[in-house]
Amino acid sequence: MTSPLDIPAILLVLATLFGTLNYWFIKLPHTIGLMLVALVASLSVVALDLIFPSLEMSTLVYRFLENIDFNVTLMQGMLSFLLFAGSLHVDLDQLLKNKWTILAFASIGVVLSSVVIGGGFWLISGAIGLSLPFLICLLLGVMVSPTDPVAVLGVLKTLKVPAPLKAKIAGESLFNDGVAVVLFSVLASLAFGNIGEESTEAGFQLTSAIWLLIKETVGGLVLGLISGLSAFWLLRQIDDYVLEVLITLALVTGAYSIALHLHLSGPIAMVIAGLLIGNQGTSLAMSESTRLHVETFWELIDEILNSILFLLIGLKIIFLLKHASYGISYPLLISLFVAITLLSIIARYLAIALPVKIRSLISEVNPGTVPILTWAGIRGGVSVALALSLPNSPESILLLFVTYLVVLFSVTVQGLTIENVIKYYYP
């Protein structure tokens, strides 16, 4: 009989073991190293099963992973803590100074990237005989367009980057997750008929989709402001670091739960609340002792949850290998992955270059802005979670395969080289 403690216990033990192996031998950044060790361990289990079929080790791991709903675990649990923790250390003044550029990256940029990737995937899939619907291809574009704030913010902690550029990178990585999640919910609803059920007319569905987009985005922003201001008021009335840490914890869990029930954007609410508490709350509502305890607490939460998240991404390869890949061969699947990876980089470049070009007409832009922001577009757990939330079908399995491979490339190649790109422009 499985105990409720079994899953977190196993994950924490594996995260500790794999993290230690990385620390001793591989010496990569913690989360990236942890994911790669987990990936190698997963593939080793599969290889052992091929050599010794009677062991059935991959079956045991697969059954364990089946008990973990990755989408629910991340999107309805971990993401709220990760986004709030990441927002606490973002400079609000710099964010406001660069608000229009960040807004363009997180809105126009995400839409443009989604259309380029989705349209390219539609053409490529048609050329190799898959004939996927355009809306399904567009879903892939939305899934692999958002950057991962966890990986990006982790890199920024250790590098010297000009404050305006740092604000653009951090702000975009925090807000485009929320925008992408909202766009995904709209497109998934249109593709699988979850909205507009009273009518099959496309016009009605489109109207419902636009309303859903506005409701989730604006509602999440308002919820983040109200909950953040409420927590700020409480923090000003109290000088007890244990209780004040508890207030921030209640803010995250309570506001995100409300967002889920009201169908508002929880990610956007968390970013707004985190920015408010991290800038105004720590300076105007906390003593120095409380500030240190709050920041230390959320930094630890951030690191622990990141470890679990990247561990799960590494282990998930066994889950994928147990499924068919839309009936196409693995060589063809890898070719498709290479094409989509190149397409995603091109789309990312266009999504950054266009807003920056418009901005350069008004004021001077740092020379490294476009290449740095392009390569800093690291995909992560949110992309995988969105892919896993699709209804079970051959098309969704194919999208999951491609998304997963793009995330692996992005985290390993871009995540390990973004530091060199930044240092090239800002030595």
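In the predicted model, Arg 291 and Glu 288 lie 3 residues apart in helix α13 (residues 288–321), so about one helical turn separates them. Their side chains meet in a salt bridge, with an N to O distance of 2.4 Å. Both partners are partly exposed: the relative accessible area of Arg 291 is 21%, and Glu 288 has a relative accessibility of 48%. With the cut-offs for burial and exposure set at under 20% and over 50%, Arg 291 at 21% therefore counts as partly exposed.

A comparable arrangement occurs in helix α17 (residues 394–425), where Lys 423 and Glu 419 are 4 residues apart, about one turn of the helix. The salt bridge between the side chains of Lys 423 and Glu 419 spans 2.9 Å from N to O. Lys 423 is partly exposed, with a relative accessible area of 43%, and Glu 419 is likewise partly exposed, at 33%. Returning to α13, Glu 288, Arg 291 and Glu 295 are joined into one network by salt bridges that share partners.

In general, side chains of opposite charge can pair when their charged atoms come close. The count of salt bridges in the model comes to 4. One of them links the side chains of Glu 172 and Arg 348, at 2.5 Å from N to O. Glu 172 belongs to helix α9 (residues 163–192) and Arg 348 to helix α14 (residues 330–360), so this pair ties together parts that are 176 residues apart in sequence. Glu 172 is buried, with a relative accessible area of 3%, and Arg 348 is also buried, at 5%. Burial is defined as a relative accessible area under 20%, a criterion that both Glu 172 and Arg 348 meet.

Helix α12 (residues 266–284) comprises 19 residues. The distance from its first C-alpha to its last is 25 Å, close to the 27 Å expected at 1.5 Å a residue. The helix nevertheless contains a kink of about 30°, centred on Ile 277. Most of α12 is covered, with 16 of its 19 residues buried. At the start of the helix, a side-chain oxygen of Ser 265 comes to within 3.3 Å of the backbone nitrogen of Ile 268. The loop between α11 (241–262) and α12 contains His 263, which adopts a positive phi of about 60° although it is not a glycine.

A second positive phi value in a residue other than glycine is found at Ser 131, where the angle is near 55°. Ser 131 is located in the loop between α6 (99–127) and α7 (134–144). This serine is exposed, with a relative accessible area of 58%.

The surface also carries a nonpolar patch, formed by Ile 210, Trp 211, Ile 214, Val 218, Leu 221, Val 222, Leu 225, Ile 226 and Leu 229. Together, these residues present about 830 Å² of accessible area. Among them, Val 218 is found in helix α10 (residues 202–237). Val 218 has a relative accessibility of 47% and therefore counts as partly exposed. Membership of such a patch requires over 30% relative accessible area, a threshold that Val 218 passes at 47%.

Definitions and conventions. Residues numbered from 1 in each chain as written. Predicted model: local features only at pLDDT ≥ 70, side-chain atom pairs only at ≥ 80, totals over all residues. Heavy atoms only, no water. Helix = DSSP H or I, 4+ residues; strand = E, 2+ residues; numbered from the N terminus. Expected span 1.5 Å × (residues − 1). Bend = angle between axes of the 7 residues up to and from the residue. Buried < 20%, exposed > 50% of the residue type's maximum accessible area, 1.4 Å probe, protein only. Polar contact = N/O pair within 3.5 Å; in protein donor to acceptor, adjacent residues only side chain to side chain. Patch = residues over 30% accessible without salt bridge, like charges linked within 9 Å, V, L, I, M, F, W, Y side chains within 5 Å. Areas by Shrake-Rupley, 256 points an atom, 1.4 Å probe, with all protein chains shown as cover.
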